[in-house]
Amino acid sequence: MSNTVHVLNGPNLNLLGTREPGIYGAATLADVEALCRAEAERHGFDILFRQTNSEGTLVDLIQAARGVRGIVLNAAAYTHTSVALRDAVAAVGVPMIEVHLSNVFAREDFRHHSYLSPVARGVICGFGPQSYVLAIAALATMPASP
């Protein structure tokens, strides 16, 4: 078992800081990564931080997380559409925390459904970049998988 946490980000998150700041805030993805690295270090975790706009690449990144301490996953729009991501998370058997910057339940109806929530250990949404920090802290409280 690796003591690494994979923080995986889906489509359009590379545009943070300029994309709809009224919803997503002014923090960039680099700012989010810095917060994640600091929180991971606080818990003695190594971190792999990645972003992709491609669903298939995100599936590959999830599959590559087999044997790590946990996954923090912001699948963005794929949360609401991708059975493939759901199946990848279920297949790797690694604790996954689903995160969202915005409160998806205060937004459009289509964002209220997640294909990932049923295979997640927990869901954290609406706290901006702190959603990621809370997810890493939550992984630290969970027993490591065998």
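The legends below describe close-up views of a predicted model.

Local features need pLDDT of at least 70 and side-chain atom pairs pLDDT 80 or more, while totals for chains, interfaces and linings use all residues. Residues are numbered from 1 along each chain as its sequence is written, and side-chain values use heavy atoms, with hydrogens and water left out.

**View 1. Five strands form an open parallel sheet.** The strand order is S2-S1-S3-S4-S5. Helices (H or I, at least four residues) and strands (E, at least two) are DSSP runs, numbered from the N terminus. Two strands pair if DSSP finds at least two bridges between them. S2 (46-51) and S5 (122-125) stand at the edges with a single partner strand each, so one side of each has no neighbour in the sheet. From one strand to the next, the twist averages 15°. Strands of a sheet pair through backbone hydrogen bonds, either parallel or antiparallel.

**View 2. Strand S1 pairs with strand S3.** Five bridges join S1 (residues 4-9) to S3 (residues 70-74), and the two run parallel. Asn-9 stands opposite Asn-74 in S3.

**View 3. Helices H2 and H3 pack on the sheet.** H2 (residues 29-42) lies across S1 and S2 and runs at about 160° to S2. H3 (residues 55-63) touches S1, S2 and S3. The direction of H3 makes about 170° with that of S1. Axes are lines fitted to C-alpha atoms, for helices over the stretch in contact; angles run from 0 to 180 degrees between N-to-C directions. Contact means heavy atoms within 4.5 Å.

**View 4. Helices H3 and H4 pack against each other.** Two packed helices are described by the angle between their axes and the distance between the axes. For H3 and H4 (residues 83-92), the angle is about 10° and the axes are 9 Å apart. H3 and H4 are therefore roughly parallel (angles under 35 degrees). H3 contributes Glu-55, Leu-58, Val-59, Ile-62 and Gln-63 to the contact. H4 contributes Ala-84, Leu-85, Ala-88, Val-89 and Val-92. Eight residues of this contact are nonpolar, one is polar and one is charged. Ala, Val, Leu, Ile, Met, Phe, Trp, Tyr, Cys and Pro count as nonpolar, Asp, Glu, Lys and Arg as charged, and the others, Gly among them, as polar.

**View 5. Strand S4 is largely enclosed by the rest of the structure.** Five of the five residues of S4 (residues 96-100) are buried (under 20% relative accessible area, 1.4 Å probe, protein chains only). Met-96, Glu-98 and His-100 point one way, Ile-97 and Val-99 the other way. In a regular strand the side chains alternate between the two faces of the sheet.

**View 6. Strand S4 pairs with S3 and with S5.** Three bridges link S3 and S4 in the parallel sense. Leu-73 has Glu-98 of S4 as its bridge partner. Four bridges join S4 to S5, again parallel. There, Val-99 has Ile-124 of S5 as its bridge partner. S3, H4 and S4 make a right-handed β-α-β unit; with the strands pointing away from the viewer, the path from the first strand over the helix to the second runs clockwise.

**View 7. Asn-12 and Ala-76 have a positive phi.** Most residues other than glycine have a negative phi. Asn-12, in the loop between S1 and helix H1 (21-24), has a phi of about 75°. Asn-12 is partly exposed (20% to 50%), at a relative accessible area of 34%. Ala-76, in the loop between S3 and H4, has a phi of about 55°. Ala-76 is buried, at 14%.

Terms used:
Parallel < 35°, antiparallel > 145°, perpendicular 65-115°, else oblique.
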